[in-house]
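Reader: I'm new to this one, and I'd like to know what stands behind the labels people put on it. Can we go through them one at a time?

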Number of protein chains: 2
Amino acid sequence: MHTCAPMWVVAVIPMGGRMPVTIKDIARVAGVSHTTVSRALKGNPAISIETTDRIRKIAQQMGYTPSAVAQSLLSQRTQTIGMVITTIADPFVVRVVEGVEGVAQAADYSVFLATSHNNPNQENAVVETLHRRRVDAIIVTSSRVGSLYSSRLEQIKIPIVLINNQEEGEYLHSIRSNDIQGARLAVEYLLGLGHRRIGYLGCTNRPRSNQRRLSGYQAALQQAGIQPDPNLIANVAADTDIERGKAGFHLYAQAGATAVFCFNDLTAIGLMMEARRQGVAVPAQLSVMGFDNIEAAMYVTPPLTTVAQPLLELGRQAMQMTLALLDGKLVHDIRLPCTLVERESVAAPGR
Amino acid sequence: MHTCAPMWVVAVIPMGGRMPVTIKDIARVAGVSHTTVSRALKGNPAISIETTDRIRKIAQQMGYTPSAVAQSLLSQRTQTIGMVITTIADPFVVRVVEGVEGVAQAADYSVFLATSHNNPNQENAVVETLHRRRVDAIIVTSSRVGSLYSSRLEQIKIPIVLINNQEEGEYLHSIRSNDIQGARLAVEYLLGLGHRRIGYLGCTNRPRSNQRRLSGYQAALQQAGIQPDPNLIANVAADTDIERGKAGFHLYAQAGATAVFCFNDLTAIGLMMEARRQGVAVPAQLSVMGFDNIEAAMYVTPPLTTVAQPLLELGRQAMQMTLALLDGKLVHDIRLPCTLVERESVAAPGR
DNA sequence: TTGTACGCGTTATCAA
DNA sequence: TTGATAACGCGTACAA
């Protein structure tokens, strides 16, 4: 009697359950113990070549993928890191995330994204969640808090790397760009063009960075023999960076600045928008300098002259530092220099 | 004999190992079984009030956090989803991620971020990694491939939600904005202002969306009794959207368009940059219309008139759909309408 | 060369 | 009211 079963059906592989296939499933099909399967898949030389091949073939056909969950439970390592950010809506953050993710992926680490919305409670909550998930390390960007949950972080004994953090901490590792040097760079450039009445438009929600940039600004002025004028310095509280920038227009209108150095690019863009609305030409009547070099800085009119923070590099090195820490290595904090990006929003002061 | 032990030291709580504390550690300290600890922490009414309180206090002091890894192994659920994106550098993607993450966090899900760089191999690799980590579901944005790994996705029997995907798939769920309607909206607006020679500046790396927007463009023209002129249609291959936009300037220069509808905002911005460089005024001589309504569209000069894709909403609803699927509910694909955002890069054609 | 037994941290079942 | 035991998927020490 002739059946229709084709020659090449060697074994009937049962599939179609909802659960992922495990080494036990493979073991059952292959007629060996799950231990043998485990060894075969890892290329353990103790297992005969034929068995290994056979098992691998079956595993492939059954679409087997090892469970990182089970492996983690055993190894006490999840190959996972948590990235705590204020909000992904911040273009500053985006580049940093990009840097972290790239290095992480290359090192076979996966990244949990967790946003805190600059809210201390939520920041505590996400840290707690990450710990529950047993991430191997945590990277935090631009946190205001730090001190708040520090006692908790003492208990969670995993590497913590802070990027441009606003608080100091003993047991934490940090990496940041050199705000002071960056601010000096900006102001020296303006001075070099002949500006004497230079404004500083700062913020209130990132006190530490703001303070550093202000210091750099003041240092550059003093070195040039100019006494900083308080009227030319404004730390504006506002809902958004753009709003802050618009609100800072008085530095030109009232205080008579010929150039304004802004806390960040979005603030600078806001200032330029307000200037245009008021019919003030940038840079002919007012020079505007940003900080960060976000992507949009290239596209605005005029293209924004700014201080570039090495955002991508900040993220990359943060992840590299994390890997080093996970490797048990000693690391020292890192401060990356900023660079000036000359575009068209700054010119010599009008006569 | 008098010892120095102070009265208030009720128990010596051993701490300071590198491993996180487990319920067994707590059980040892409390002098009960780990089962009791588990029950007490979960508020099981079988455990006496005092024992429960005592155990909870100890757990707190020891800084206990349950291991999601162990819980996942048992429950076969990780409360985790994977988000596959091309690159976080795309402002389009950023908003979508924001939407997904917000809803996920509220539902107590964590999000793995995985970038594919629009590279099919890497896309396969990240899907494999996510499966290894036993994510409960996967959300993919703007994938070109889809078909490539579909056979693999058949084996991984978890919900897959595609956002603005470029390929069709049977067993996949999808959510996207209505490209055709959005494009019609744009072109009808231009027609209403009196434009007759309207260009379309498209791309090659997002064939499906591009085709849909082109269709909408053509439909609007035909409905107005205008035969689409092939010279006014350009699908430009370029490294970046900005480059594509610059390259599309010939639609004005050679083909004599009075308005150009661009595939996306960055393309439109590139076109405006080139126009400015060539001394062509936007919108006086050339109207430029974008698509997406990314953040930068507000800041460029002139502010870009564009079609808003509901990016945040796309992300939100994708995650909500995912939650519904995880809940075993039936869902149907979603198409969200686009809206027109009038700004200043479009005007009536010059006489 | 292969299999058995145990443990990772947690929950569920059954027994006391 | 509490405890012992098994199980989730995997890897490893030890035994055969």
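Reader: What makes Ser48(A) and DNA strand C a polar contact?

Author: This is a predicted model, so what follows is computed from it. A backbone N or O atom of Ser48(A) sits 3.1 Å from a phosphate oxygen of DNA strand C. The cut-off for a pair of N or O atoms is 3.5 Å, so the pair counts as a polar contact.

Reader: Which side chains make polar contacts with DNA strand C, and how do you know?

Author: Two examples will do. Ser38(B) has a polar side-chain atom 2.9 Å from a phosphate oxygen of DNA strand C. For Thr35(A), an N or O atom of the side chain is 3.1 Å from a base oxygen of that strand. Elements giving two or more residues to this surface are α2 and α4 of chain A, along with α1 (23-30), α2 and α4 of chain B. The largest share, 4 residues, comes from α2(B).

Reader: What makes a residue count as being near DNA strand C, and which come nearest?

Author: One heavy atom within 4 Å of the strand is enough. There are 26 residues around DNA strand C, and Thr35(A), Thr36(A), Arg39(A), Tyr64(B) and Leu74(B) come nearest. Of the strand's atoms that come within 4 Å of the protein, sugar and phosphate account for 58%. By residue type, the surface has 10 nonpolar, 12 polar and 4 charged residues.

Reader: How many residues surround DNA strand D, and which are the closest?

Author: DNA strand D has 27 residues around it, with Tyr64(A), Leu74(A), Thr36(B), Arg39(B) and Gln76(B) the closest. Here sugar and phosphate make up 62% of the strand's atoms within 4 Å of the protein. The surface divides into 10 nonpolar, 13 polar and 4 charged residues, and α2(A) gives the most to it, with 5 residues.

Reader: What parts of DNA strand D do His34(A), Ser67(A) and Ala46(B) reach?

Author: Each reaches its own kind of atom. His34(A) has a polar side-chain atom 2.9 Å from a base oxygen. A polar backbone atom of Ser67(A) is 3.2 Å from a phosphate oxygen. For Ala46(B), a backbone N or O atom lies 3.5 Å from a sugar or linking oxygen. The limit is "within 3.5 Å", so the Ala46(B) pair still counts.

Reader: Now the two protein chains. Why is the pair Arg132(A) and Asp108(B) called a salt bridge?

Author: Check the closest N and O atoms: they are 3.7 Å apart. The label needs a side-chain nitrogen of Lys or Arg within 4 Å of a carboxyl oxygen of Asp or Glu, so this pair qualifies. Asp108(B) lies in the loop between α5 (91-106) and β2 of chain B, and Arg132(A) in helix α6 of chain A, so the pair joins two chains. Between chain A and chain B the count is 2 salt bridges, and over all chains the structure holds 24.

Reader: What is the area buried between chain A and chain B, and how many residues does the contact take?

Author: About 4900 Å² is buried, and carbon and sulfur atoms give 56% of that. Arg132(A), Arg133(A) and Tyr299(A) supply 14% of the area chain A buries against chain B, more than any other three residues. The contact takes 59 residues from chain A and 59 residues from chain B. Across this interface there are 22 residue pairs in polar contact. The side of chain A that touches chain B has 27 nonpolar, 20 polar and 12 charged residues.

Reader: Why are β2(A) and β2(B) said to pair?

Author: They share 3 bridges in the antiparallel sense. Pairing takes at least two bridges, so these strands pass. In one of the matches, Leu113(A) has Val111(B) as its bridge partner.

Reader: What is unusual to look for along the backbone of chain A?

Author: Try the bond from Val282(A) to Pro283(A), a cis peptide bond with omega near 5°. Pro283(A) belongs to the loop between α12 and β9 (287-292). Thr301(A) and Pro302(A) are also joined by a cis peptide bond, with omega about -10°. Then there's Asp108(A), with a positive phi of about 65° although it is not a glycine. Asp108(A) sits in the loop between α5 and β2 of chain A.

How values were computed
Residues numbered from 1 in each chain as written. Chains lettered and ligands numbered in written order. Predicted model: local features only at pLDDT ≥ 70, side-chain atom pairs only at ≥ 80, totals over all residues. Heavy atoms only, no water. Polar contact = N/O pair within 3.5 Å; in protein donor to acceptor, adjacent residues only side chain to side chain. Nonpolar A, V, L, I, M, F, W, Y, C, P; charged D, E, K, R; others polar. Contact = heavy atoms within 4.5 Å. Buried area = accessible area lost by both parts, 1.4 Å probe.
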